[in-house]
Amino acid sequence: MPPTPANLTSGNQPHTSGVFELSTPPAVASQGETFAHIQQIGARLVANIEQVISGKTEAVRLAVATFFAGGHMLIEDVPGVGKTMLARALAASVSGKVNRIQFTPDMLPSDVTGAPIFSDKTKSFVFEPGPIFANIVIGDEINRASPKTQSALLECMEEGQVSVDAETHPLSPPFCVIATQNPIDMDGTFGLLEAQRDRFMTRLTMGYPDERAERELVRARDHEDPIARLAPVATLDLVLRVMSWCRRVHVSNAASNYAIALTRATRRESTLRLGASPRAAIHLLAAAKAHAAIRGRDHILPDDIDELAVPVLTHRLLPSVPRRGQDVSEELAAVVRNIVATTPVPLDLS
């Protein structure tokens with residue numbers, strides 16, 4: 001088990017309005033108290049986001065857990081249901097650098113990563129960072145970009161760096177890509193590369209709001225952009241501390257073997273031509289640890305893994321019979337649910 005931290009705060013800065021700050025005195029704080037504080041931080045982030053995203057608590061919680069797990073998220077749904085709003089609300093809730101990239105068919109990889117620019121001052125080429133250099137990058141309608149431009153994100157998302165002209169430029173942590181995409185049967189879209197999809201820890205769907213939430217949404221947008229009233233509730237330093245503690249959540253051998261069993265089962269499934277990769281098992285356990293931490297626990301349970309199996313695994317799978325121009329996400333989600341239901345659950349995860 002990890003040692004008890006001396007503190008879990010937003011740094012030595014003075015408390016500013018709206019920014020969450022917690023401390024755990026070294027002589028008093030226990031590990032249980034630390035995870036209780038993480039639960040409070042997660043709850044405050046969720047509450048802040050829900051000021052503009054009504055009736056989608058599970059999607060919001062999944063987004064927060066993915067962020068705390070250090071993962072990237074793909075928000076996939078039809079236009080106009082709040083995909084970009086959720087991404088912007090999460091970004092506005094954390095006091096870090098946020099860049100937004102509107103993907104289009106004519107974009108080049110250098111429009112994402114940056115490129116060497118000739119400087120009149122130095123009479124040489126100097127690297128000019130692209131919009132990927134931020135703590136949170138909102139990639140709007142990522143599947144409107146060509147596969148060549150999508151490939152510019154592969155190194156960034158996997159290794160947290162950009163390589164241009166034999167030079168490597170690190171990205172500052174935390175680094176999170178929140179990409180939105182329309183279903184693949186929409187006009188003007190490209191399918192995401194398999195390697196690209198595999199780098200997203202989770203896939204979220206929004207769905208249409210219920211009637212009450214839709215009325216609130218329409219009224220809220222009648223006067224102003226609701227994002228404008230959101231203030232950060234966590235500093236980058238606090239987020240990094242929470243991420244560090246999420247990584248320390250206890251994972252037993254039985255829990256690890258259970259996650260591996262689920263991913264390996266997808267490779268034996270006759271209805272699939274591409275199952276989940278080993279990276280999927282790594283992401284499943286990382287997400288489960290953050291899921292447990294924001295519920296105040298220092299260990300994962302089978303329920304954590306079961307609840308995250310669909311959002312972590314579904315987008316990595318391909319059906320055995322290709323369906324051109326069709327979104328088969330629900331069919332693949334049903335396959336994952338069946339695998340979860342038929343895979344033996346370990347009785348002891350201690």
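**Exercise 1. Find out how far the predicted model can be trusted, and where it is weakest.**

*Solution.* Start with the whole chain: this is a predicted model, and its protein chain averages a pLDDT of 86, with 86% of the residues scoring at least 70. Next, go down to the helices and other elements. Confidence is lowest in helix H8 (residues 211–220), where the mean is 74, and highest in helix H11 (residues 278–293), at 97. Then look for weak stretches. Over residues 9–17 the pLDDT stays under 50, and the model has 15 contacts beyond four places in sequence for them. Residues 20–29 are also below 50, with 29 contacts in the model beyond near neighbours in sequence. A word of caution to finish: where pLDDT is low, the predicted coordinates should not be read in detail.

**Exercise 2. Describe the overall build of the chain.**

*Solution.* Count the elements: the protein chain has 13 helices and 13 strands. Now turn to burial, where 51% of the 350 residues count as buried. Last, consider the contacts between residues at least 6 apart in sequence; of these, 76% join residues at least 24 apart.

**Exercise 3. Locate the nonpolar cores and pick out their residues.**

*Solution.* A general point helps here: in soluble globular proteins, nonpolar side chains tend to be buried together. In this model, the largest nonpolar core has 75 residues, and Phe 67, Phe 68, Leu 86 and Ile 305 have the most contacts inside it. Zoom in on Phe 68. Apart from neighbours within four places in sequence, its contacts are Ile 41, Gly 42, Leu 45, Val 242, Met 243, Cys 246, Ala 290 and Ile 294. There is also a second, separate core, with 24 residues that include Phe 103, Met 157, Phe 175 and Val 177.

**Exercise 4. Characterise the second largest pocket.**

*Solution.* Begin with its volume, about 470 Å³. The lining is made of 27 residues, and those closest to the pocket centre are Ile 53, Val 81, Gly 82, Met 85 and Leu 217. Helix H3 (83–92) and H8 are the elements that give two or more residues to this lining. Sorted by class, the lining has 11 nonpolar, 7 polar and 9 charged residues. Keep in mind that H8 is the element where confidence is lowest.

**Exercise 5. Decide whether Lys 83 is buried or exposed, and find what it touches.**

*Solution.* Place the residue first: Lys 83 is in helix H3. Its relative accessible area is 6%, under the 20% cut-off, so Lys 83 is buried. Now list its partners. Leaving out residues up to four places away in sequence, Lys 83 touches Ile 75, Glu 76, Asp 77, Val 78, Thr 180, Gln 181, Asn 182 and Met 206. For a sense of the fold, compare sequence with space: Lys 83 and Ile 178 are 95 residues apart in sequence, yet 9.7 Å apart from C-alpha to C-alpha.

**Exercise 6. Spot the unusual backbone geometry in the loops.**

*Solution.* Recall that most residues other than glycine have a negative phi, and most peptide bonds are trans. Against that background, check three places:

- Lys 123 has a positive phi of about 55°. It sits in the loop between strands E4 (114–119) and E5 (124–129), and is exposed at 59% relative accessible area.
- Asp 165 has a positive phi near 50°. Its loop lies between strand E7 (161–164) and E8, and at 61% relative accessibility Asp 165 counts as exposed.
- The peptide bond from Pro 173 to Pro 174 is cis, with omega near -5°. Pro 174 belongs to the loop between strand E8 (167–170) and strand E9 (176–181).

Notes:
Residues numbered from 1 in each chain as written. Predicted model: local features only at pLDDT ≥ 70, side-chain atom pairs only at ≥ 80, totals over all residues. Heavy atoms only, no water. pLDDT = per-residue confidence, 0-100. Helix = DSSP H or I, 4+ residues; strand = E, 2+ residues; numbered from the N terminus. Contact = heavy atoms within 4.5 Å. 1 Å grid on protein atoms, 1.4 Å probe; cavity = no way out; pocket = protein on both sides within 12 Å on 5 of 7 lines; lining within 4 Å. Points joined across faces, edges and corners; volume = space filled by probe spheres on them. Nonpolar A, V, L, I, M, F, W, Y, C, P; charged D, E, K, R; others polar. Core = buried A, V, L, I, M, F, W, Y, C linked by side-chain atoms within 4.5 Å. Buried < 20%, exposed > 50% of the residue type's maximum accessible area, 1.4 Å probe, protein only.
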